[in-house]
Amino acid sequence: MTFPVFASGDVLNASDMNAVGLWLVKTQTVGTGVSSVTVNNAFSADYDNYKIIWSGGQSSAAAEIYMQLTTGGTASTASYYGALAWVSLTTAAVSGASDNNAARWSWAGAGAGANDGAASLNVDLLGPYLAKRTRLHNAQVVYATVYGTYTGLHDLGNSYDGFKLTPYSGTISGGTIRVYGYRN
Amino acid sequence: MTRPLIQIDDEVREMTDDEYAALLEQGWTPGEEPTDD
């Protein structure tokens, strides 16, 4: 067994492959000037937990990126909870904001303007496909001069197979959304 | 008036009236011109 370093010509044994911890399960390119993106068939019974990354994109306005869980393309619009803690780069002032039974997770990501890569999202979702409460961890919000972290809970015991991203204002363009499944 | 574009997987199209109404209901605005990065 050569895991975790494979050499050319190695046989990929089941034990080696089953030890791979992270699998790319969905790739979605973001279009130009869209006000929302829904990614279907991202979650399944194959994995309990997921990492979602959107990189290389941009936004038409400096705005947070909402996230909602979807089933068959239809978004769940209730019971989102979350807490944001953020810091001003210029003053170092610490502030907070929250979602309290909101219609979405409000700070899953953020866009800071129209330069390539200036909008992004990087979150972990625990159990979205399971008929249990979905938890959102490790979201980073990167505006122009304010950075923060966000943690959330979706307080419904439903199963979801996808998600929807919507900027608070304006549109988003470009980049790639990649969904990874953490091996159970 | 042109409605915003919506993307569902690889499909990009103009929103329907109902979709646009739902977007406005959650407080969405067309937004400002980019200011910085």
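How many residues of chain B are in contact with chain A? In this predicted model, the count is 18 residues of chain B, which meet 29 residues of chain A. Let's begin at that meeting place and then walk into chain A.

On the side of chain B that touches chain A, strand β1 of chain B, residues 5-8, supplies the largest share, with four residues. Sorted by class, this side of chain B holds nine nonpolar residues, five polar ones and four charged ones. The two chains also pair strand to strand here: β1(B) runs parallel to strand β2 of chain A (residues 34-39), and three bridges join them. If you would like a place to look, find V34(A), which stands opposite L5(B) in β1(B).

Chain B itself is quick to get to know. Its secondary structure consists of two strands and one helix, and from the N terminus the order is β-β-α. Of its 37 residues, 8% count as buried.

Now turn to the interior. The largest nonpolar core has 44 residues, and the members that touch the most others are W107(A) and A108(A). Strand β4 of chain A, spanning residues 63-71, gives this core its largest share, five residues. A108(A) makes a good vantage point: leaving aside its neighbours within four places in sequence, it is in contact with I65(A), Y66(A) and M67(A), and also with L121(A), V123(A), L136(A), A139(A) and Y150(A).

Another feature to trace in chain A is a hairpin. Strand β6 (residues 80-88) and strand β7 (residues 94-102) of chain A pair in the antiparallel sense, with eight bridges between them. Within this pairing, A85(A) stands opposite G96(A) in β7(A). Five residues lie between the two strands, and in this hairpin A92(A) takes a positive phi near 65°.

Our last stop is G127(A), in the loop between β9 (119-126) and β10 (134-142) of chain A. Is this glycine buried, exposed or partly exposed? G127(A) is partly exposed, because 19 other C-beta atoms lie within 10 Å, whereas a buried residue needs 20 or more. Not counting residues up to four places away in sequence, G127(A) touches D48(A) and N49(A), along with K132(A), T134(A) and R135(A). To see how far the chain can travel, look back to A114(A): 13 residues separate it from G127(A) along the chain, and their C-alpha atoms are 33 Å apart.

Terms used
Residues numbered from 1 in each chain as written. Chains lettered and ligands numbered in written order. Predicted model: local features only at pLDDT ≥ 70, side-chain atom pairs only at ≥ 80, totals over all residues. Contact = placed C-beta atoms within 7 Å. Nonpolar A, V, L, I, M, F, W, Y, C, P; charged D, E, K, R; others polar. Pairing = 2+ DSSP bridges. Core = buried A, V, L, I, M, F, W, Y, C linked by C-beta atoms within 7 Å. Buried ≥ 20, exposed ≤ 12 C-beta atoms within 10 Å, placed from the backbone.
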